[in-house]
Amino acid sequence: MTASTADRPKISAVVPAYNEVESLPELHAELVRALEATGEPWEIVYVDDGSRDGTEQVLERLAAGDSRVRGLVLRRNFGKSAALATAFRLVHGDYVLTLDADLQDDPAELPRLISALGTGLDLVSGWKRHRKDPITKTVPSLFFNAVTSMVSGVRLHDFNCGLKLYRREVVASIEVYGELHRFMPALAHWRGFRVGEIPVNHRPRRYGYSKFGMARFVNGFLDLLAAAFISTSALKPLHVFGRIGILFVLVGMLPGVFFVSQWLRGEPLRVRPLMLLGAGLVLVGIQFVVMGLLGEMIAQLGARADYPVRRRFNLDQEPS
């Protein structure tokens, strides 16, 4: 297959892959059919997240056969968020489709996702209503999604579905790291984008095994707290830590005011437990304020993490 270099892609498909050598050829064929059916110019960006099973060689063959297929190989396994963040900086399309490489996400859902995006949404997330996974994944996910909905204010059934369609400005404005790929709808909502979901077909895993253990839920909740703090405080750590610090200082000063008033009345000053408690609270409050100031300086740096890439395929040009 060949494509005119003059055609700027309308749709960019992003596929992170980690040890998915068996499923990639079949997924690629399905994905190309779905993209061709839209009638729009397209590209596919594969990210090999440090695989050790021959995934790199499969991507090399796919990229050699079609200039619209682009890809890169990270030097080690950094995680799905790192793979997505790297790909998001390379896409050219107005619409960005993400899906997992394990064949559980159905590329044939693309037209329905595009239709839903056309209703005024900026991000459409898939909802695996009839999920083909073991109970050890489905039950914890129900709890995970309920808590995430409550914390984020976004009422979705399935935050962690890999099948999503974004407008490009969404992925361009969100930094993804840690386990934050699970909260992309929440991050987009906190940035003011319109988020929705539609039920999508979900298929059982045919090759390999899941790469995520139970630790992902603990890490995920911690990252959710971090994301909520960063987003809802508008990158103003001083506003958060400063308020806590001022509260500690004010409470800690109360015993001091009491003992000073007693001293003015002629009572001798003596070291008492309540006096020590007040002094300790004041010191803790000052530390919180200092933490807020340090957080302000760190937030102003605005550094973006770059992950080392070992190989690239058809990636000579940067996105315009």
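## Strand β4 and its two partners

In this predicted model, strands β1 and β4 run parallel and are joined by four bridges. One of the residue pairs that link them is I11 with Y95, the latter being the bridge partner in β4. On β6 (residues 164–167), the pairing with β4 (residues 95–98) is antiparallel and also extends over four bridges. Here Y95 has R167 as its bridge partner in β6, while V96 is matched with Y166 of that strand. Y95 therefore appears in both pairings, with I11 as partner in the one and R167 as partner in the other.

Strands of a sheet pair through backbone hydrogen bonds, and they can do so in a parallel or an antiparallel manner. The side chains of a regular strand alternate between the two faces of the sheet. In β4, Y95 and L97 point one way whereas V96 and T98 point the other way, and all of these residues are buried.

## The sheet as a whole

The sheet is open and is formed by eight strands, which follow one another in the order β7-β5-β6-β4-β1-β2-β3-β8 with mixed pairing. Because β7 (195–199) and β8 (309–313) stand at the edges and each has a single partner strand, one side of each is left without a neighbour in the sheet. On average, and with direction ignored, neighbouring strands of this sheet are turned by 20 degrees against each other.

## Helices packed on the sheet

Helix α1 (residues 24–38) packs on the sheet and touches β1 (11–17), β2 (42–48), β3 (69–74) and β4, its direction making about 155 degrees with that of β2. Helix α3 (residues 80–88) likewise packs on the sheet, where it touches β1, β2, β3 and β4, and its direction makes about 150 degrees with that of β1.

## A buried aspartate in a loop

D122 is found in the loop that lies between α4 (110–117) and β5 (123–127). With a relative accessible area of 6%, D122 falls under the 20% limit and is therefore buried. When its neighbours within four places in sequence are left aside, D122 is in contact with L117, L165, Y166, R167, V170, F193 and R194. Among these contacts are Y166 and R167, the residues of β6 that serve as bridge partners of V96 and Y95, respectively.

## A nonpolar surface patch and residue F241

L283, I286, V290, L294 and M297 form a nonpolar patch on the surface, and together they have about 480 Å² of accessible area. V290, one of the patch residues, is placed in helix α10 (residues 273–301). Its relative accessible area is 42%, so V290 counts as partly exposed.

F241 is placed in helix α9 (residues 237–264) and is also partly exposed, with a relative accessible area of 21%. The C-alpha atoms of F241 and I286 are separated by 9.9 Å, the two residues being 45 residues apart along the chain.

## The protein overall

The secondary structure of the protein comes to 10 helices and eight strands. Of its 320 residues, 47% are buried, and its accessible surface comes to about 16100 Å², with 62% of this belonging to carbon and sulfur atoms. Among the contacts with a separation of 6 or more, residues 24 or more positions apart account for 83%.

Technical notes: Residues numbered from 1 in each chain as written. Predicted model: local features only at pLDDT ≥ 70, side-chain atom pairs only at ≥ 80, totals over all residues. Heavy atoms only, no water. Pairing = 2+ DSSP bridges. Helix = DSSP H or I, 4+ residues; strand = E, 2+ residues; numbered from the N terminus. Axes fitted to C-alpha atoms, helices over the stretch in contact; angles between N-to-C directions. Contact = heavy atoms within 4.5 Å. Patch = residues over 30% accessible without salt bridge, like charges linked within 9 Å, V, L, I, M, F, W, Y side chains within 5 Å. Areas by Shrake-Rupley, 256 points an atom, 1.4 Å probe, with all protein chains shown as cover. Salt bridge = Lys/Arg side-chain N within 4 Å of Asp/Glu carboxyl O. Buried < 20%, exposed > 50% of the residue type's maximum accessible area, 1.4 Å probe, protein only.
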